[in-house]
Amino acid sequence: MTLSHQVNSSNSNPLQKHRINWFKYASPPVFYPLAGKIFPWFFAIAAILAILGLYVGFVLAPTDFQQGDAYRIIFLHVPAAWMSMFIYMVMAFWAGIGLAFNTRLSSMMASALAPTGAMFTFLALWTGALWGRPTWGAWWVWDARLTSELILLFLYIGFMALQSSIDDARRADKAGAVLALVGVINVPIIYFSVQWWNTLHQGSSINMTSAPSMAMTMLLGMLIMALSFWAYAIAMTLYRVRCIMLERDRRADWVGSLMHETTTIQNDRTEQVR
Amino acid sequence: MIWTSWSEFFAMGGYAVYVWGSFSVVALFMAGEVVLVRHRTKTVKKQLAQARRVGSAMTAGRRI
């Protein structure tokens, strides 16, 4: 046994050896390449699951005997609505962490999540309108579920507008975090609105009156699409947070050396071509 | 297979406007978001490369 090994084992306890330092990943120079490695895989997973989900939803799932083929909007509507609420919670979480621990990357994650969350909220409302028209006879009704989902869209837009209206990025993060955290109250209101109030919107369980095997393919298609949207949201957030890191840290050394690396690699390549 | 023909598939039992109106807009928005962020990334990288060139030109000028 070497001396250094003995010193090492006597000084540190075995638990500490295997502990991962999570704060290491909270620094943009470390996280930037890591996110770059991860996000293409999640885009690929999202694409594969979307193809699979659409196959289940359009080929395997039969026509609903009450709603006809209009029910197929469920394969987009429910996953989009889930993502709109889930992304808001994750956004508020990162914004809150950024506010509490003053970690810049957490706040950047919140900023990166907001546009994707807003998009899913809009898509939930859009597909809901297109589903509501043939089944309820109305594009829109001012009931609890729909109104609270619309408020969620305004919260996302408010968060983004507030952040872009403040020039100082750190102050924008803090103001946005307060808004995001206050807005969290809306998420359980959306989720339980169908139970708390008398509403036109159907409950959490989907009204599928036919044989259980039929319900299974519908449910399966919906879950696969939800997983696809989830993978898409992860990919999109990592993709956007990389962009935000470059924008905010444009004067930082790590961005400078990163740009230097890419330009020298490009130069080497052109040298080789010559 | 529940569809007997492509035209039946596209008709969606009379709900074509609602079903395809949903799926096309969702696809458009999700693809559009990727395009927007790609453009945003390209813009910032271009700006960074430009700033680098200006910076190195300035240091070269100072040496003279």
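**View 1. Exposed residues of helix α7 in chain A.** The face of α7(A) turned away from its buried side carries Arg171(A) and Val182(A), both of which are exposed. The model shown here and in the following views is predicted.

**View 2. Buried residues of helix α7 in chain A.** Six names make up the buried set of α7(A): Ala172(A), Asp173(A), Gly176(A), Ala177(A), Ala180(A) and Gly183(A). These buried residues lie on the same side of α7(A), because they cover an arc of only 135 degrees around the axis.

**View 3. Span of helix α7 in chain A.** Helix α7 of chain A comprises the 15 residues 169-183. At 1.5 Å a residue, the helix should span 21 Å, and its end C-alpha atoms are 21 Å apart, so the expected and computed values agree.

**View 4. The contact between chain B and chain A.** Chain A contributes 43 residues to the contact, and chain B contributes 29 residues. Together, the two chains bury about 3200 Å² between them, with 74% of this area on carbon and sulfur atoms. In chain B, the residues that lose the most area to chain A are Tyr18(B), Phe23(B) and Glu33(B), which together account for 19% of what that side buries.

**View 5. Salt bridges and polar contacts between chain B and chain A.** Two salt bridges are counted between the chains. Glu33(B) forms a salt bridge with Arg240(A), in which the closest N and O atoms are 2.7 Å apart. Eight residue pairs are in polar contact across the interface, both residues of each pair being at pLDDT 80 or more. Helix α2 of chain B (residues 16-63) supplies 22 residues, the largest share of the side of chain B that touches chain A.

Note on methods:
Residues are numbered from 1 along each chain as its sequence is written. Chains are lettered from A and ligands numbered from 1 in the order in which they are written. This is a predicted model: local features need pLDDT of at least 70, side-chain atom pairs count only at pLDDT 80 or more; totals for chains, interfaces and linings use all residues. Side-chain values use heavy atoms; hydrogens and water are left out. Helices (H or I, at least four residues) and strands (E, at least two) are DSSP runs, numbered from the N terminus. The expected span of a helix is 1.5 Å times one less than its number of residues. Buried means under 20% relative accessible area, exposed over 50%, partly exposed in between (1.4 Å probe, protein chains only). The arc is that of the directions from the helix axis to the C-beta atoms. Contact means heavy atoms within 4.5 Å. Buried area is the accessible area (1.4 Å probe) that two parts lose on being put together, summed over both. A salt bridge is a side-chain nitrogen of Lys or Arg within 4 Å of a carboxyl oxygen of Asp or Glu. A polar contact is a pair of N or O atoms within 3.5 Å; within protein, one must be able to donate a hydrogen and the other to accept it, and residues adjacent in sequence count only if both atoms are side-chain atoms.
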